[in-house]
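Notebook open, coffee poured. Today I looked up how the ligand is held.

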Amino acid sequence: MVQPRQDAAAPAAMVTGAASGIGRAIATLLDARGWQVHICDADAGAISRVREEDPAIEATVCDVSDAVSAAQTVVAMLEKTGGRIDLLVNNAGTSGMNGPLEEIDPEDWRRTLDVNVNGTFHFLRAAIPAMKRAGAGSIVNIASTAALFGYPNRSPYAAAKWALIGITKTLAMELGPHNIRVNAICPGSVEGPRIDGVIERDARTRGVTPEVVRGLYEGQVSMRRFVSAEDIARMCAFLASEEAGMVSGQIVAVDGHTESLSIPL
Ligand code: NAD
């Protein structure tokens with residue numbers, strides 16, 4: 001039976017929220033390129049499926065917004081890798097409510113920031129000391145094109161993703177002298193069930209069909225199509241690689257060039 005890869009010479013990565021979607025694509029690509037891949041996800045059923053389908057990947061149940069669970073997840077990884085964490089990908093995220101700000105449920109606002117921002121903080125806080133000890137490392141925060149524009153009716157998500165840009169720029173400065181690089185990827189709309197859900201909620205808010213909203217989203221992008229999870233994974237693997245050895249503090253959109261996120265209601 002295939003065991004999680006524990007080759008001390010192989011670089012080690014932690015990818016959060018990686019039992020599905022973009023994170024899963026990142027984990028799969030890193031695994032194919034010889035990394036020791038550790039993932040976590042709050043969805044226990046999805047983690048079980050990863051263990052069955054990808055036994056080379058070390059998969060743990062963890063809600064990133066729980067500071068204790070996040071720290072324990074990183075400690076458990078470091079015990080298995082002999083203290084190595086060459087790459088941290090803060091990918092876990094939640095899309096939050098659609099609607100005018102005054103109609104946003106405060107609990108939804110709190111949860112959106114808790115997962116996207118505080119979850120990233122908890123993993124950074126747990127992982128950075130090991131990277132500093134090694135004198136090397138790379139961090140990739142998965143933001144969104146919502147971190148590049150104003151985004152009407154998505155204020156919790158926009159606030160959370162703009163926060164990740166602030167963290168990325170600041171940490172690139174704090175950690176550069178330690179030979180640790182910090183970058184963010186801003187995916188555009190990615191084909192998959194998550195964007196289908198976003199489109200359905202937006203369609204309900206606007207009182208139109210999901211097909212109309214999909215057309216509006218595609219029309220905002222110069223390439224006139226959505227990106228794939230694999231497009232994001234390839235950029236992440238590049239940013240983690242030696243080829244990107246002098247790339248830090250960068251906010252890289254993988255989105256086919258978003259022209260605007262502003263669609264009038
Ligand atoms: P997804 O919903 O397919 O996958 C997200 C994963 O994160 C799921 O497996 C989910 O269980 C997990 N997760 C959610 N909350 C968690 C928590 N508290 N702790 C641990 N795991 C948690 O979404 P995706 O499209 O793969 O999104 C991944 C990242 O990319 C997110 O940060 C998202 O905001 C960002 N993003 C996505 C799109 C898109 O169009 N899909 C666009 C821009 C940015």
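Which N or O atom distance links the side chain of Ser20 to an oxygen atom of the ligand? I found 2.7 Å, which is a polar contact (a pair of N or O atoms within 3.5 Å).

A note on the source: this is a predicted model, where local features need pLDDT of at least 70, side-chain atom pairs count only at pLDDT 80 or more, and totals for chains, interfaces and linings use all residues. Residues are numbered from 1 along each chain as its sequence is written, and side-chain values use heavy atoms, with hydrogens and water left out.

Next I checked Arg194, where a polar side-chain atom lies 2.9 Å from an oxygen atom of the ligand. The protein buries 88% of the 820 Å² that the ligand exposes when taken alone (Shrake-Rupley method, 1.4 Å probe).

Then I looked at the shell: 26 residues surround the ligand, each with a heavy atom within 4 Å of it. Ser20, Ile22, Asp41, Asn91 and Tyr157 are the closest.

Last, the domains: domain 1 (12-188 + 228-254) and domain 2 (189-226) both give residues to this shell, so the ligand lies between them. The bounds come from an automatic or database domain assignment.

Definitions and conventions. A polar contact is a pair of N or O atoms within 3.5 Å; within protein, one must be able to donate a hydrogen and the other to accept it, and residues adjacent in sequence count only if both atoms are side-chain atoms.
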